[in-house]
Amino acid sequence: MLPITDGTDFVAAGINVTGEEKLKLSFGFYPNGATNTVKVYATTDGTRWSSLPLDIPSGSGWKLVTCEFSVKTGSTPLNLRFAEASATSGWGIDDRDLAAG
């Protein structure tokens, strides 16, 4: 697990997605609070970040978050930013997986 403190984002940078267009992202998310406010943003140019459409289960405790999205073919590297703005005592992500889809 990657524990993250309040107000801190986690960035996975330099992901090689050469030759891919459709991608599937999944990861475990522990909100450590009452809200499910994790956000994930993607960029291939390092400056323009786009919010990804996440499927977040309801309930408490660990959640498996999934997302399907597309990038322009040949766009690389891909950078992903994980953010949880309303955390009051930290939060965590685990088991990150990015696959062609």
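Which residue in β7 does Val-11 stand opposite? Val-11 stands opposite Arg-81, and that pairing is a convenient entry into the sheet described below.

**Basis of the report**

This is a predicted model, in which local features need pLDDT of at least 70 and side-chain atom pairs count only at pLDDT 80 or more, whereas totals for chains, interfaces and linings use all residues. Residues are numbered from 1 along each chain as its sequence is written, and side-chain values use heavy atoms, with hydrogens and water left out.

The pLDDT, which is the predictor's confidence in each residue on a scale from 0 to 100, averages 84 over the protein chain. A score of at least 70 is reached by 83% of the residues. Among the elements of the chain, the lowest mean pLDDT, 53, belongs to β1, and the highest, 95, to strand β6 (residues 63-70). Strands are DSSP runs of E with at least two residues, numbered from the N terminus.

**The four-stranded sheet**

Four strands form an open sheet in the order β2-β7-β4-β5, with antiparallel pairing. The edges are held by β2 and β5, each with a single partner strand, so one side of each is left without a neighbour in the sheet. Two strands count as paired if DSSP finds at least two bridges between them.

β2 and β7 run antiparallel and are joined by four bridges. Six bridges connect β4 to β7 (residues 78-84), again antiparallel. Within the β4 and β7 pairing, Ala-42 stands opposite Leu-80, and Val-38 has Glu-84 as its bridge partner. Six of the seven residues of β7 are buried, which leaves the strand mostly covered; buried means under 20% relative accessible area, exposed over 50%, and partly exposed in between, with a 1.4 Å probe and protein chains only.

β4 and β5 pair in the antiparallel sense over two bridges, and Tyr-41 has Ser-51 in β5 as its bridge partner. These two strands form a hairpin with six residues between them. In the turn, Gly-46 has a positive phi of about 85°.

**The loop after β4**

Thr-44 is located in the loop between β4 (38-43) and β5 (50-51). Its relative accessibility is 35%, and therefore Thr-44 counts as partly exposed. Contacts are heavy atoms within 4.5 Å; leaving aside residues up to four places away in sequence, Thr-44 touches Val-71, Ser-75, Pro-77 and Leu-78. Thr-44 and Gly-74 are 30 residues apart in sequence, with 9.9 Å between their C-alpha atoms.

**Salt bridges**

A salt bridge is a side-chain nitrogen of Lys or Arg within 4 Å of a carboxyl oxygen of Asp or Glu. A search of the whole structure finds two, as tabulated here.

| Pair | N to O distance |
|---|---|
| Asp-9 and Arg-81 | 3.5 Å |
| Arg-48 and Asp-45 | 2.6 Å |

The pair of Asp-9 and Arg-81 links distant parts of the chain, 72 residues apart: Asp-9 is in the loop between β1 (2-4) and β2 (10-15), and Arg-81 is in strand β7. Asp-9 is partly exposed, with a relative accessible area of 39%, and Arg-81 is also partly exposed, at 21%. In the other pair, Arg-48 counts as exposed because its relative accessibility is 63%, while Asp-45 is partly exposed, with a relative accessible area of 34%. Side chains of opposite charge can pair when their charged atoms come close.

**A buried cysteine in β6**

How accessible or buried is Cys-67? Cys-67, in strand β6, has a relative accessibility of 5% and therefore counts as buried. Not counting residues up to four places away in sequence, Cys-67 touches Leu-23, Lys-24, Leu-25, Leu-52, Pro-53 and Leu-54. The C-alpha atoms of Cys-67 and Leu-23 are separated by 8.3 Å, although these residues lie 44 residues apart along the chain.
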